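Thanks for coming. I will go through one structure today, piece by piece, and I would ask you to keep the view open while I talk.

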Amino acid sequence: MKFNDYEYVRPEVDSVRAKFSSLIEKFNNSDSADEQYNIINELNEISKNVDTMFNLASIRHSINTADEFYDKENEYMDEVSPIFKGLTVEYYKALINSRFKEELKKRIPPQYFTMAELEIKSFSDDVIAELQEENRLQSEYDKLVSSAKINYDGKVLNLSQMQPYMQSADRNIRKESYEKYSGFFKDNLDKFDEIYDKLVKVRNKIAVKLGYKNFVELGYIRLHRSEYNSKDVEGYRNQVLKYIVPLTVNLRERQAKRLGIENLKYYDKDLIFTTGNATPKGNTQWMLDNAQKMYSELSKETGEFFNYMVESDLFDLETKPNKQSGGYCTFIQNYKSPFIFANSNGTSDDVDTLTHEAGHAFQVYESRNIEFPELIFPTLEACEIHSMSMEFITWPWMKLFFKEDELKYKFSHLSKSMLFIPYGVTVDEFQHKVYENPELTPAERRALWRETEKKYLPWIDYEDNQFYEEGGYWFRQGHIFDDPFYYIDYTLAQVCAFQYWIKFTFEDKKKAWADYHHLCQIGGSKPFLELLKEGNLNSPFEDSTIESVIEPINNWLDNVDDTRL
């Protein structure tokens, strides 16, 4: 069955509520753990169906935010998803208070109970109206970004389609296109400020209503972070500042020298070589064909997985008008199908995004038969290990996509991966300070962003772009609006992905694949730090971990004569 044949039927609140309430009552009155376990499976089936329908509506809305039918369904989801969450939380309360809890724990992973307890802490019927408002504001942001229509080069382009111009070998084109790109956000400054200001205030209100000092603790609870807190993340950010920021300053100086530029400006950062960046040598379908060959050669498991994805049309990769920006992978429960969404634009990002999202998709494909739907995906920092590692695991096949520019791609990919980490922690520190100080004005928030940027990204020179200089760059980062505190997860996972890169490049490839594959198979059955042990990875929170990955990365980059590329 192909994706277009997946049927969407709106899940009606009253019907689901009646079924849930009846089953929860039966659960509470059960006479045995076996009976309760069977009821859990019945509840799971209802949850999987609701999640499937919400996912189908969300995917189809993101493909075309102007589609009237799915726009209405998206509005419906914004309205009713907090109600459905309330029903799930009522079940979790029954589970946690079950008189057969210890017997159930013998059949259900401990992580499931941890997750249930955190979900209970993140919700109350008293905040349903605020959760609905939060959803509405997030959708407003996504729709605003997808509405971008930039007149440039005789065309009307969206934000993704501007990227190739921003990587042009012609410095004037780079600057002009960057100004056009940032101009969209500048022209809508008041709208972006208003949306975020309302989001901060409504999230703070939810947190206070639930008994928290501010949204920071609640944000961690929402992400099911059970083993570490904001102090641990602060310590990690300090490691990045100490060990990685100096390295990235050197990489930017090396880039400026390579480009023959005395002072690297913000619009120069995306051009890696004067001869032009590595780009895929064919269109999107050609890229998919090569990816199918690559995954068939990588392993039996990846070959089966990718063939299924292709045969079922579980991709939407081309950029088009009114399409939501960015890329993602999701999982459609009833069909046990991953789905990959992207915005191809002819740059190396197309390959990065495909391999990245394929890492997510392969993980959920391998763990699709886990009995409890909440445990198919792990927590987000662990999710990103699968995706970011897959970007490096597929290195031996990059010649398929980049041909004579294979080394160009590898050099830029590895260096950009390192350069990303200080940006990721900039986003994280900014969010912590915003939610610790929810009374900040929009102008004060923008000033805070610029101050934080200078700390972790000291090389940035915005020249005469006043909008960016005054702290407007973060408007483009959707995670800040839609997924507070998620972004640090990419950097934690990047440090883990570097460990897999080292294992695959310099150590035992067969063992490295076995570790990675095992990590994918167990999904979210354990919390983050325990999953690291399962995958034979060192924790990014340990003082020695970042130091241990820097040396081999430096050595590899230093052994490339990038001036000849």
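At what angle do helix α11 and helix α24 pack, and how far apart are their axes? Before I answer, please note that this is a predicted model. Helix α11 covers residues 230–259 and helix α24 covers residues 543–558. The angle between them is about 10°, and the axes are 9 Å apart. An angle under 35 degrees counts as roughly parallel, so that is the word for α11 and α24.

Now the residues at that contact. On the α11 side we have Y236, Q239, V240, Y243, I244, L247, L251 and R254. They meet D543, I546, E547, I550, N554, L557 and D558 on the α24 side. Sorted by class, the contact of α11 with α24 has 9 nonpolar, 2 polar and 4 charged residues.

Staying on α11 for a moment, P246 is also in this helix. P246 has a relative accessible area of 40%, which means that it is partly exposed. Along the sequence, P246 and P458 are 212 residues apart, yet in space their C-alpha atoms are 9.4 Å apart.

Y236, which we just met in α11, comes up again in the core. The largest nonpolar core has 195 residues, and Y112, Y196 and Y236 are the ones that touch the most other members. As general background, nonpolar side chains in soluble globular proteins tend to be buried together.

What does Y196 touch, leaving out residues up to four places away in sequence? The partners of Y196 are F430, V434, Y435, R445, W474, I480 and F481.

Next, the sheet. Please find the open sheet of 3 strands, in the order β3-β5-β4, where the pairing is mixed. Strands β3, at 315–318, and β4, at 328–332, are the edges: each has a single partner strand, so one side of each has no neighbour in the sheet. On average, neighbouring strands here are turned by 15° against each other, direction ignored.

How many bridges join β4 to β5, and do the strands run parallel or antiparallel? There are 5 bridges between β4 and β5, where β5 is residues 337–344, and the strands run antiparallel. You can follow some of the pairs on screen. Y328 has F341 in β5 as its bridge partner, C329 has I340, and T330 stands opposite F339. On the other side of the pairing, β3 and β5 are joined in the parallel sense by 3 bridges. One pair to look for there is E318 with S344 in β5.

How buried are these strands? In β4, 4 of the 5 residues are buried, so β4 is largely enclosed by the rest of the structure. In β5, 8 of the 8 residues are buried, so β5 too is largely enclosed. From β5, S337, F339, F341 and N343 point one way, while P338, I340, A342 and S344 point the other way.

Two helices pack on this sheet. Helix α13, residues 300–311, touches β3 and β5, and its direction makes about 70° with that of β5. Helix α14, residues 349–366, touches β3, β4 and β5, and its direction makes about 170° with that of β5.

Is T302, in α13, buried or exposed? T302 has 0% relative accessibility, so T302 counts as buried. Setting aside neighbours within four places in sequence, T302 is in contact with Y295, F362 and W513. For a sense of distance, V80 is 222 residues from T302 along the chain, and their C-alpha atoms are separated by 37 Å.

Last, two backbone details, both in loops. K336 lies in the loop between β4 and β5. That hairpin has 4 residues between the strands, and K336 takes a positive phi near 50°. At 37% relative accessibility, K336 counts as partly exposed.

The other residue is D153, in the loop between β1, at 150–152, and β2, at 155–157. D153 has a positive phi of about 55°, although it is not a glycine. Its relative accessibility is 47%, so D153 counts as partly exposed.

That is the tour.

Notes:
Residues numbered from 1 in each chain as written. Predicted model: local features only at pLDDT ≥ 70, side-chain atom pairs only at ≥ 80, totals over all residues. Heavy atoms only, no water. Axes fitted to C-alpha atoms, helices over the stretch in contact; angles between N-to-C directions. Helix = DSSP H or I, 4+ residues; strand = E, 2+ residues; numbered from the N terminus. Parallel < 35°, antiparallel > 145°, perpendicular 65-115°, else oblique. Contact = heavy atoms within 4.5 Å. Nonpolar A, V, L, I, M, F, W, Y, C, P; charged D, E, K, R; others polar. Core = buried A, V, L, I, M, F, W, Y, C linked by side-chain atoms within 4.5 Å. Buried < 20%, exposed > 50% of the residue type's maximum accessible area, 1.4 Å probe, protein only. Pairing = 2+ DSSP bridges.
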